[in-house]
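Visitor: I am new to this model and would like a close look at a single part of it. Please choose one residue and follow its surroundings outward.

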Amino acid sequence: MARASTTSDAFNAVAEPRRREILIYLAATERPVGEIVAALGLEQPSVSKHLKVLRDVGLVRMRCQGRQKLYRTNAEAIRPLHEWAGTFERYWQHQLNRVKERAEQMVRQNVLDQDAQELNSPNPNHSNPTNPQPTEPEPTEPASTKKEKS
């Protein structure tokens, strides 16, 4: 079966990772080609070809400012990608909740393990009610000092 052209629709266009990088970079603000090249570390001809594909499917728009071409994302054209990806959000949210629950369970277990270890270790810095550590008596004032204060 022949592969669909990269310019046939937005889904085929974003199948290429560098085009997704460009879209992400353009999401913040409108940018000239030179800035895209510098930021992403790609060759200028390559960036121009990717931008042409993205323009052909409507994912980015271009405007000229003097001799400079400025590119920005077309949010309306990206909407179908977002909606399609959203169909999987419930699945991923469920998976992320399971990961979170497991991590919290592990933290609780670690705390319990540490508490148990502290109770069983003879550490002079921790009081142990089953094995109290001897303490030094507090200094008391000599009897002669007490009379002088009265």
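Visitor: Which is Leu-81, buried or exposed?

Guide: Leu-81 is buried, with a relative accessible area of 14%, where buried means under 20% relative accessible area, exposed over 50% and partly exposed in between, with a 1.4 Å probe and protein chains only. Before going further, please keep in mind that this is a predicted model, in which local features need pLDDT of at least 70 and side-chain atom pairs count only at pLDDT 80 or more, while totals for chains, interfaces and linings use all residues. Residues are numbered from 1 along each chain as its sequence is written, and side-chain values use heavy atoms, with hydrogens and water left out.

Leu-81 has its place in helix 5 (helices, H or I with at least four residues, and strands, E with at least two, are DSSP runs numbered from the N terminus). Not counting residues up to four places away in sequence, Leu-81 touches Ala-10, Phe-11, Val-14 and Leu-59, a contact being heavy atoms within 4.5 Å. One of these partners, Val-14, is 67 residues from Leu-81 in sequence, yet the two lie 9.2 Å apart in space, C-alpha to C-alpha.

Another partner, Phe-11, leads to the aromatic rings, for a search of the whole structure finds three aromatic pairs. The rings of Phe-11 and Trp-84 have centres 5.7 Å apart and planes at 80°, so this pair is edge-to-face (rings of Phe, Tyr and Trp, the last by its six-membered ring, pair if their centres lie within 6.5 Å, and planes under 30 degrees apart count as stacked, over 60 as edge-to-face and the rest as tilted). The pair links distant parts of the chain, as Phe-11 belongs to helix 1 (residues 10-13) and Trp-84 to helix 5 (residues 75-86), 73 residues apart. Trp-84 also pairs with Phe-88, and because their centres are 5.2 Å apart and their planes at 70°, that pair is edge-to-face too. Ring pairs thus join Phe-11, Trp-84 and Phe-88 into a cluster, in which Phe-11 is partly exposed at 38% relative accessible area and Phe-88 is partly exposed at 39%.

Leu-59, also touched by Leu-81, is a neighbour of Thr-73 as well, since Thr-73 touches Leu-23, Leu-26, Ala-27, Leu-59, Val-60 and Ile-78, not counting residues up to four places away in sequence. Thr-73 is found in strand 3 (residues 68-73) and counts as buried at 18% relative accessibility.

Two of those neighbours, Leu-23 and Leu-26, bring us to a helix packing, in which helix 2 (residues 17-28) and helix 4 (residues 44-56) meet at an angle of about 80° with their axes 10 Å apart (axes are lines fitted to C-alpha atoms, for helices over the stretch in contact, and angles run from 0 to 180 degrees between N-to-C directions). Helix 2 and helix 4 are therefore roughly perpendicular to each other (65 to 115 degrees, whereas under 35 is roughly parallel, over 145 roughly antiparallel and the rest oblique). Arg-18, Arg-19, Ile-22, Leu-23 and Leu-26 of helix 2 make the contact with Val-47, His-50, Leu-51, Val-53 and Leu-54 of helix 4.

Stepping back, the secondary structure of the chain comes to seven helices and three strands, and 20% of its 150 residues count as buried.
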